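Visitor: Please choose one part of this structure and take me through it closely, residue by residue where that helps. After that, I would like to follow the chain outward from that part to what surrounds it and to what lies elsewhere.

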Amino acid sequence: MENTLFQSEFEAIVSLIQTSRANALRAVNAELVNLYWNVGAYVSLKLQNADWGDGTVAELSRFIRSTYPEIKGFDKSNIHRMVKFYEYYALEEFVAPAVPHLASNKTSQNVAPVVPQFVPQDIRQTILAQLSWSHHRLIFGRCKTDIEREFYIRLAIKERYSKRELDRQISASYYERTMLGKAQANLSPALQEFKADVSHIFKDRYIFDFLNLPEPYSEDDLQKGLVQQMKNFILELGRDFLFMGQEYKLMVGNSDFYIDLLFYHRALQCLVAFELKTDKFRPEHLGQLNFYLEALDRDVKRENENPSIGILLCKDKDNEVVEYALSRNLSPAMVAEYQTLLPDKAVLQRKLHELLQ
């Protein structure tokens, strides 16, 4: 980049341009989602009142295509998706109160009713408008319950997922694992009493399907694979994790020690040490992790930061053994397991159903 006397000022102008472009894209997306919501609402009202049949929807699509060929995206299937979009969320609390009931005969001061009994709604200020239509199609096309749909909507907004990233998380059963993990998470007493709620941050099981490691593999192979696939690893952990290094060196006395992977978590404001094990959890693993956490808190942690957290990531674990081992553990630590293949979604859904029952 060319260095000039005014580079900082020029960068400020570029920042304004980029921010404006991003705002414009968000505004366009919000208008599009709002449009699809109202089309879906209108058609839903007609179908529910038996004014229209399925053939009328196909006729509408043909009318738009032949009369207004410049208008794209209104084939029969997509119109039915708009109806589904509206009907899934019209009564959901996380959309209300921005969305009044459609059957109202009251008209907005700014928007006249298009037809009797229909008042266009404005959902541009709801969380629905913060995701693209392609995100929404993916969510209501693959998710089975209202709770699951809301979960992925909020997750995609919070983590700023692309459509591909969101698709991967649904395939990896992120929702089921999160819900089951809250009930099964193996946390030490110190981590349970941590200053912040960590139940939505750490999972009981992590999925590393992106590694493609040949069996058998070593802890070194696992570590190198995660570092090489850091973008996917962060996607699985969460975007608030900032990578600080592998084989992070700690000097205690006259000896050197190395943490497998060290991260910093922005929301928790603390260091997070990951120790990797390619075998089943054993209680003695915690001794090593506790030592690392003590060294981090004494020599690396800053005064304004919270105590360091340790994650022991094992290929397998016996939950009862883990619970015994953690019950008197004084450090904020947890034991999780990982898989290198996508989980069986049906099995997880059955377990979650049994838990909820």
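Guide: Contact here means heavy atoms within 4.5 Å, and with that cut-off in hand we can look closely at one helix pair in what is a predicted model. The part I have chosen is the meeting of α3 and α4. On the side of α3, the residues that take part are Asn78, Arg81, Met82, Lys84, Phe85, Tyr88 and Tyr89, and on the side of α4 they meet Trp133, His136, Arg137, Ile139 and Phe140. Sorted by character, the residues of this contact are seven nonpolar, two polar and three charged. As for the geometry, helix α3 covers residues 76-89 and helix α4 covers residues 133-142, and they pack at an angle of about 75° with their axes 11 Å apart. Since angles from 65 to 115 degrees count as roughly perpendicular, α3 is roughly perpendicular to α4.

Staying with α4 for a moment, we find that Trp133, His135, His136, Leu138, Ile139 and Phe140 are buried. The buried residues of α4 pack against α1, α5 and α6 as well as α3. An α-helix has 3.6 residues a turn, so residues three or four places apart point the same way.

The other partner, α3, also packs against α1, here at an angle of about 90° and with the axes 7 Å apart; α1 and α3 are therefore roughly perpendicular to each other. From α1 this contact draws on Val33, Tyr36, Trp37, Val39, Gly40, Ala41, Val43, Ser44 and Gln48, while α3 contributes Asn78, Ile79, Met82, Val83, Phe85, Tyr86, Glu87 and Tyr89. In the contact of α1 with α3, the residues divide into 12 nonpolar, four polar and one charged. Two of the names just given, Trp37 and Tyr89, return when we turn to the largest nonpolar core, which has 43 residues and in which Trp37, Tyr89, Leu128 and Tyr152 have the most contacts. Among the helices that each supply at least two residues of this core are α3 and α4 themselves, together with α1 (7-48), α5 (146-159), α6 (163-171) and α13 (345-356). With seven residues, α1 gives the most to this core. In soluble globular proteins, nonpolar side chains tend to be buried together.

Moving outward, there is a second, separate core of 31 residues, which includes Ile234, Phe263, Phe274 and Met334, and Phe263 leads us to a set of paired strands. Strand β3 (residues 241-252) pairs with strand β4 (residues 255-265) in the antiparallel sense over 10 bridges, and in that pairing Tyr248 stands opposite Ile259 in β4. The two strands form a hairpin with two residues between them, and Gly253 in the turn has a positive phi of about 65°.

From β4 the chain goes on to strand β5 (residues 270-280), to which β4 is joined in an antiparallel run by five bridges. Here Phe263, the residue of the second core, stands opposite Val272 in β5, and Ala273 in β5 is the bridge partner of Leu262. Again the strands form a hairpin, now with four residues between them, and in this turn Gln269 has a positive phi of about 55°. Strand β5 also has a parallel partner, since seven bridges join β5 to strand β6 (residues 309-316), with Lys277 standing opposite Cys314 in β6. Eight of the 11 residues of β5 are buried, so β5 is largely enclosed by the rest of the structure.

Two single residues complete the tour. Ser331 sits in the loop between α12 (319-326) and β7 (333-339), and its 15% relative accessibility means that Ser331 counts as buried. Leaving aside residues up to four places away in sequence, Ser331 touches Ser188, Ala190, Asn290 and Leu293. Asp220, by contrast, belongs to helix α9 (residues 219-228) and is partly exposed, with a relative accessible area of 37%. The C-alpha atom of Asp220 is separated by 45 Å from that of Asn29, which is 191 residues apart from Asp220 along the chain.

Definitions and conventions:
Residues are numbered from 1 along each chain as its sequence is written. This is a predicted model: local features need pLDDT of at least 70, side-chain atom pairs count only at pLDDT 80 or more; totals for chains, interfaces and linings use all residues. Side-chain values use heavy atoms; hydrogens and water are left out. Axes are lines fitted to C-alpha atoms, for helices over the stretch in contact, and angles run from 0 to 180 degrees between N-to-C directions. Angles under 35 degrees count as roughly parallel, over 145 as roughly antiparallel, 65 to 115 as roughly perpendicular and the rest as oblique. Ala, Val, Leu, Ile, Met, Phe, Trp, Tyr, Cys and Pro count as nonpolar, Asp, Glu, Lys and Arg as charged, and the others, Gly among them, as polar. Buried means under 20% relative accessible area, exposed over 50%, partly exposed in between (1.4 Å probe, protein chains only). Two strands pair if DSSP finds at least two bridges between them. A nonpolar core is a set of buried Ala, Val, Leu, Ile, Met, Phe, Trp, Tyr and Cys residues joined through side-chain atoms within 4.5 Å.
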